[in-house]
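Reader: I'm new to this. Please walk me through this structure, starting with the pocket.

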Amino acid sequence: MKKLIIINGPNLNLLGKRETNIYGNLTFNEFFETILKKYPNVELEHFQSNIEGELIDKIQEVGFSYDGVILNAAAYTHTSVGIGDAVKAIKTPVVEVHISNTFAREEFRHQSYISPNARGVILGFGLQSYELAIQSFI
């Protein structure tokens with residue numbers, strides 16, 4: 001059984017409430033319950049923090065023992081050299097995920113400090129981006 005973790009960055013705790021025209025109406029917990037049922041042969045966990053250092057700590061904690069990390073670092077994608085370095089430092093493959101198409105948004109969102117060290121990048125498919133990342137590991 002594959003052991004995967006979804007790590008979500010800042011403001012993703014507000015899914016279902018914030019900018020529903022971009023992010024949809026489901027909370028992440030509601031969505032997570034559906035994928036647990038859909039992928040019973042995958043051991044799935046999730047973690048969310050608005051704090052950069054906590055995200056780095058979690059990446060380091062799981063980065064040598066899990067089969068995959070699905071990382072939506074949210075705004076930190078575009079600003080955090082530290083998160084990019086954490087992804088580079090671990091052995092577990094990372095798939096970078098974004099709910100929105102970051103290239104259709106503000107220009108500063110076109111830069112990623114994670115992508116150069118990620119196994120792949122999935123963006124613009126709404127919450128289904130997470131499912132596509134799961135499928136890439138199984």
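**Pocket, sheet and aromatic rings**

Author: The largest pocket has a volume of about 170 Å³ (a pocket is an open set of points on a 1 Å grid over the protein atoms alone, where a 1.4 Å probe fits, with protein on both sides within 12 Å along at least five of seven lines; the volume is the space filled by probe spheres set on the points). This is a predicted model, where local features need pLDDT of at least 70 and side-chain atom pairs pLDDT 80 or more, while totals for chains, interfaces and linings use all residues. Residues are numbered from 1 along each chain, and side-chain values use heavy atoms, without hydrogens or water.

Reader: Which residues lie nearest the centre of that pocket?

Author: Y23, A74, A75, R105 and R109 do, out of 15 that line the pocket (lining means an atom within 4 Å of a point).

Reader: OK, the sheet. What order are the strands in?

Author: The order is β2-β1-β3-β4-β5, in an open sheet of five strands with parallel pairing (a strand is a DSSP E run of at least two residues; two strands pair if at least two bridges are found).

Reader: Which strands are at the edges?

Author: β2 (42-48) and β5 (120-123), each of which pairs on one side only.

Reader: And how many bridges join β3 to β4?

Author: Three, between residues 68-72 of β3 and 94-98 of β4. One partnership there is L71 of β3 with E96 of β4.

Reader: New topic. How many aromatic pairs are there?

Author: The whole structure has four (ring centres within 6.5 Å; planes under 30 degrees apart are stacked, over 60 edge-to-face, the rest tilted). F31 and Y130 form a tilted one, 5.9 Å centre to centre with 50° between the planes.

Reader: Where do those two sit?

Author: F31 is in helix α2 (28-38) and Y130 in helix α5 (128-137), 99 residues apart (a helix is an H or I run of at least four residues).

Reader: What is F125 in contact with?

Author: Beyond its neighbours within four places in sequence, F125 touches I99 and L132 (contact means heavy atoms within 4.5 Å). F125 lies in the loop between β5 and α5. Its C-alpha atom is 9.5 Å from that of V97, 28 residues away along the chain.

Key:
Rings of Phe, Tyr and Trp (its six-membered ring) pair if their centres lie within 6.5 Å; planes under 30 degrees apart count as stacked, over 60 as edge-to-face and the rest as tilted.
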